[in-house]
Amino acid sequence: MSGKRNIGDVILRCDNISLSFGGVRALTNISVDVREHEVMAIIGPNGAGKSSMLNVINGVYHPQEGTVTYRGQTRRAMKPHETARQGIARTFQNIALFKGMSVLDNIMTGRYTKMKRNFLWQALYWGPNLKEEIEHREVCERVIDFLQIENIRKTPVGRLPYGLQKRVELGRALAAEPDLLLLDEPMAGMNVEEKEDMCRFILDVNDEFGTTIVLIEHDMGVVMDISDRVAVLDYGKKIADGPPEEVRANQDVIDAYLGVAH
Amino acid sequence: MLYREAGQFKTSYQKDQAIFPIRQDRIAVWALLLAVFIAVPLLADDYWLGSIITPLLVLSLAAIGLNILTGYAGQLSLGTAGFMAVGAFAAYNLNIRVPELPLIVDFLLAGVFAAMVGMVFGLPSLRIKGFYLAVATLAAQFFIEWVFTHVGWFTNYSSSGVISAPPMHILGMTIDTAVEKYLLTLSVVAVLALGAKNMVRSRIGRSWMAVRDKDISAEVIGVPLLSTKLSAFGISSFYCGVAGALWTYCYLGTVEPAAFDLNRSFQVLFMIIIGGVGSILGSFLGAGFIVLLPILLNNIAAMIGHGTLQADTMANLEHIIFGGLIIFFLIVEPHGLARLWQIAKEKLRLWPFPY
Amino acid sequence: MSDLNFFFEVLIGGLLSGVMYSLVALGFVLIYKASGVFNFAQGSMVLFAALTFVGIMEKGIPFWPALVVALVVMMVLAVGIERVVLRPLVNQPQISLFMATIGLSYLLEGLGQGLWGTQVRALDLGIEDMPNETIQTMLGIQVSTFDIFSAISAALLVGLLALFFNKTRVGLALRAVADDHQAALAVGIPLQHVWAIVWAAAGLVALVAGLLWGSRLGVQFSLSLVALKALPVLILGGFTSIAGAIVGGLIIGASEKLAEVYIGTFTGGAVAAVENWFPYMLALVFLLVRPQGLFGDKIIERV
Amino acid sequence: MKKSVLASLAIGAGLLAGASTPSPVMAQAMEQFMPIPIYRTGPYAAGGTGYFGGFMDYMAMVNARDNGVNGVKMIWEECETAYDNARGVECYERLKGKGPTGAAMFHPLSTGITYSTFEKGTADKVPVVSMGYGRGDAMVGSVFPYTFPLVTTYWSQNTAKIKFIGMKEGGMDKLKGKKLVNVYHDSAYGKETIDILNKQAAMYGFEIKHFPVAHPGLDQKAIWLQIKQFAPDWVILRGWGVMNPTAIKEAARIGFPREKMLGVWWSGSEEDMRPAGTAAKGFYAAGFHPAGKNFPVLKDIEKFVQSKGKGNIEAERMGTIYYNRGVVTGIISMEAIRTAQEKYGKKPLTGEQVQWGLEHLNLTAARIKALGGEGLVQPIKTSCNDHEGGGAVKFQQWDGEKWTVVSDWIDADKSLVRPLAEESAAKYAKEKGITPRDCSKEM
């Protein structure tokens, strides 16, 4: 990866995270850190605990053990909407858009934490509220331009094809202007062309806005190309962590992907 | 005049964000407002104004309230009439206990009380979802009805538990004819409907829809679930509460708690199903449909003439047709009359060309 | 009479009332389990079944043949509902189906009363609704013979349903559908048939409930309101569990009677007639602790 | 598909507009209009169809036999209220202006609809007649000029009930120390008599306990177990609809003698007893008229209406309590119109004119006999100040098949009811800012 980004200090650190659901262990003693401005990938076979890891980071799940430290602040139980206020945004493996709303409204919802006027102003839709709506609309229009979805901005998302929905979901996350963006299999189910588009968007986001990105991916090939660093999970344990080339050569990783018995 | 938007370019986001972006729509809306504020009072007789249009407007307001909660925020509620009752009894008590307050303030405070009660009953919504929540809102319905039947203070210790709206005065004017009551109702409903429309196209409305469509991703974006659901319960109940006050003051005049029974809740629910779940316009269309249909069927029965069999059959036929239409609508157009209206408009936009 | 005896009378009376609520709740559970439809029309089906039965008997047909005819009518109705209402809505959200059943309840009420008239009719099953003397002499408390008969009927019905679900091919298919619609489709069970069968079973339950409730209240419109008694039972017991419907019914029945009697006594009669809301509040409080009901399936959301 | 929906909506809208435009007014028609706010559906349909069936049959008979009231034909139109207040108001508004002269009067047949329409009636000058229901204090005609709780109010009837119990106990002084229970429908209607019962309890020294039954009253075990524990001497039942048979059955289950139970007239129809089966045997009910077909007026209805296939109800329901109440309503209403015609001429009258007739009603025993209603209707004399008129009640007992009258007319305790009504009416007048009419100046 080339670029003029300066990979900075660690902004997110997970220490010894363990998570289980009624006796089933999803994550065991995992420690990962993410540095500012980098693109970090978490990979692993199905059921390795990748999504659980993202869910821990943005507060959907609360681990039984271990700590998450974000920007020097250690937390244990934090609701997702609170992590959102700290500047963490994400997308989902199975698209989780607001199906009844238009593309524009979906993306505008991404601005939720940045808008301040109370509901009485909103009921008036006048003065400060109108000004606020328009300011944020402008931000969203920039996101729409960036993702090249101008022509569908008024379309209900339910009517869009899969690939575009994924793009809108990315747009919704970007509208929040996050410092840390979590992407859960952003390229799952896409064809080669769509995958290339998505890669470009991810890199551009990282490049232009300096957003730190943590992404989960199944497809090793893509990941290796765009990531600065890769962590590999298998059966809820971390088996490797490092630059792509290094991880690619790691014997444990190869075994895990080939399904060698442990 | 043709219904075309060709040549109307939006040059700013402000114009694009306007409530009616198409010019013909704006003209139509102004014409409609003129009609309802001036032409209707001049043309309609007391029967139409007092016993059809006024209750229709009041129920539209309640339907907007329910639509905010069920249509926009996705929380199914069967307690609408209960929240209407809170508004009705709050307005009455404010009116007789604090006579200094202007009537409109009574109405608004009645809404606020209803909102507070609504939020209390909305608290379980964080843990309870779907049908479980719907049944739980029945607890609100029955409990509120019971409180007003049994706590004498709320009815000013009237022996039969009935309250009777005192005469209405606004700025020294007495409101007692059908036209005056209609205009008062219309003004309140028009202002609140506009407010609702504005809210649902603002941040709060988006947060409601986000919670409705996918609560988990709403939360991940930063929409706090509990306070968003509570705001929906509160604002929805506010609308229902004001509707309850209007129902008492501008329509029935005298009510007992049973005027706000479960059947009323269902009636309002039907309005939003038929009118359109998640549509402010649909609330009006649905209320119109539900209020007018039985009267229409009844009139047909009266035209056919009397005779036991026909009358009995017609009365039951009313139920059958009513139930049948609800099913029919759900099958043919689950989005209700509001969607039909939209389709008609789109057709008109292209007319006379088929595509 | 001693206080303790009185307490037991209230308790047992409540439990037996609860059985009557469970009977109605069963119909809801059957349909919800197999099709995920919250059938609001169950109360109207109770009314419709009872009206049909009494109407047929008025034509001079004796009890058992009338029962069979009424059952056949309910089955035809079930198939009709599946065809006309459910099939076109098959891929709609649950809420649409729920609302459709509200429409259905209006339709059935109108149809039933239109066909058979709005008169209040007596229905005599030949079981005395009087204190059972044997029990009174043995235990010293009054329990109605009719209540005991109802409880036995309910037990038989539940037994019958259990046999049907566990031992017959169709029953197993139903369980498969209840567990996973997709899976059931994959193994080639036609969903339409399953739904029709389940609605017919719910029709049978409605008929039994209609007969028992109808002989107590008279066959009249208000029969459809028994559904309101069954809803708190459902939330307490969970929408998907037959056992839940029974246990929920017992809990609701007993606690509402105890509440009515003892809250009334403690407050000097100031708090009375709580039976409409108390069960709902109880169920609501319970839900806050266990959102899926007593025996309901736990809902796990995956992200 | 979509198109057809739209089209049918448009047609529907057209029909609606067409149907509700008032029919052209025929100024010369000799017709008097009577609104019929019936309820044929819902939980109380039996009451609505029975009562209005009898009422319409009577009017049809008057038209067929006498060519109307002094040559003015009665016409009427049904409007379905489904026992819903809001729809009742709509029906009132729809029907009040129909016919050549508007509605003669309005019979809501629902305490709730009475409450929702009586003020409108006063404003529109349409008498709202609530025969045997509605608000008790409305008998004070000076405050409620257009409201007529004719024959007997709940309050009057209640005092008659206590008298009846006194009779059964062997004298009013025997009531001292007795225990009474009032089981009531938890609504405005049910609550009407709580105050007066408390007053009477203090007066006669009996103990009274009130038990509300939540609507609809499908299961009343808890209440009746409490009653069993209280062990009252008498139970007064103020039920409505399905609550009645259930209460009687529950009474049977706790072994409370039905011969010690006394129902209001809404708990005393065949429809209320039949579902209770044998359990109802022995139950008493108050009524301002008996059941049965053995009255000349019913024979005339049979002859002129039912036998011609023009009945407004199934023939087998003739002579039931609800049906006869409708007939009584018809007799009194027609007599009021006739009375008003004496003053205003034999032509269709306005509501305002009929109000005069209702206020100057004098239905003597001789007149009742001439109308063929001997034993069915009690003598009634109203005045500006007294909008009730009669006040007497007959008691009947259910023998398992039918009602049998077991008492003569028992008068209400007017000395008790009247001051209560005046007090309540004065409170109402004050709340509403009404100056009562001066009845000494009225003719």
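**Entry 1: Ile165(D)**

I began with Ile165(D) in this predicted model. I counted 22 other C-beta atoms within 10 Å of Ile165(D), and the cut-off for a buried residue is 20 or more, so I recorded Ile165(D) as buried. The residue belongs to helix α5 of chain D, which covers residues 154-169. I then listed the contacts of Ile165(D), leaving aside neighbours within four places in sequence, and found Leu175(D), Trp234(D) and Leu262(D). I also checked Ala104(D), which lies 61 residues from Ile165(D) along the chain; the C-alpha atoms of the two are separated by 39 Å.

**Entry 2: domains of chain D**

I looked up how chain D is divided. Domain 1 takes in 28-153, 292-391 and 421-432, while domain 2 takes in 155-290 and 395-412. I noted 27 Å between the centres of the two domains of chain D, taken over C-alpha atoms. Their contact draws on 27 residues of domain 1 and 22 residues of domain 2. On the domain 1 side, α4 (111-124) and α12 (321-344) of chain D each supply at least two residues. Of these, α12(D) gives the most, with 5 residues. By class, I recorded 12 nonpolar, 13 polar and 2 charged residues on that side of domain 1 of chain D.

**Entry 3: helix α8 of chain D**

I turned to α8(D), residues 221-230, and found it mostly covered, with 7 of its 10 residues buried. The buried residues are Lys221(D), Ala222(D), Ile223(D), Trp224(D), Leu225(D), Gln226(D) and Ile227(D). I asked which elements these residues pack against. From chain C there are α1 and α11; from chain D there are β5 (179-185), β6 (207-213), β7 (234-238) and α9 (243-253). After α8(D) comes Ala231(D), and I noted its positive phi, near 50 degrees.

**Entry 4: chain C against chain D**

I examined the contact between chains C and D, which takes 33 residues from chain C and 35 residues from chain D. On the chain C side, α1 (3-35), α9 (191-217), α10 (226-237) and α11 (242-266) each supply at least two residues. The largest share of that side, 5 residues, comes from α1(C). I recorded its classes as 13 nonpolar, 12 polar and 8 charged residues.

**Entry 5: α1 and α6 of chain C**

I followed α1(C) to its packing with α6(C), residues 145-167. The axes lie 9 Å apart, at an angle of about 40 degrees. Angles under 35 degrees count as roughly parallel and 65 to 115 as roughly perpendicular, so I entered α1(C) as oblique to α6(C). I noted the crossing of the two helices as left-handed. From α1(C), the contact is made by Leu16(C), Val19(C), Met20(C), Ser22(C) and Leu23(C); from α6(C), by Asp147(C), Ser150(C), Ala151(C) and Ala154(C). I divided the residues of this contact into 6 nonpolar, 2 polar and 1 charged.

**Entry 6: chain D against chain B**

I closed with the contact between chains D and B, where 41 residues of chain D meet 40 residues of chain B. The elements of chain D that give two or more residues are α1 (2-20), β2 (73-78), α3 (85-95), α4, α6 (188-191) and α7 (194-204). I found the largest share of the chain D side, 8 residues, in α1(D). By class, this side of chain D holds 13 nonpolar, 11 polar and 17 charged residues.

Key. Residues are numbered from 1 along each chain as its sequence is written. Chains are lettered from A and ligands numbered from 1 in the order in which they are written. This is a predicted model: local features need pLDDT of at least 70, side-chain atom pairs count only at pLDDT 80 or more; totals for chains, interfaces and linings use all residues. Domain bounds come from an automatic or database domain assignment. Two residues are in contact if their C-beta atoms, placed from the backbone, lie within 7 Å. Helices (H or I, at least four residues) and strands (E, at least two) are DSSP runs, numbered from the N terminus. Ala, Val, Leu, Ile, Met, Phe, Trp, Tyr, Cys and Pro count as nonpolar, Asp, Glu, Lys and Arg as charged, and the others, Gly among them, as polar. Axes are lines fitted to C-alpha atoms, for helices over the stretch in contact, and angles run from 0 to 180 degrees between N-to-C directions. Angles under 35 degrees count as roughly parallel, over 145 as roughly antiparallel, 65 to 115 as roughly perpendicular and the rest as oblique. A crossing is left-handed if the near helix is turned anticlockwise from the far one by less than a right angle, and right-handed if clockwise. A residue is buried if 20 or more other C-beta atoms lie within 10 Å of its own, exposed if 12 or fewer, and partly exposed in between; C-beta atoms are placed from the backbone.
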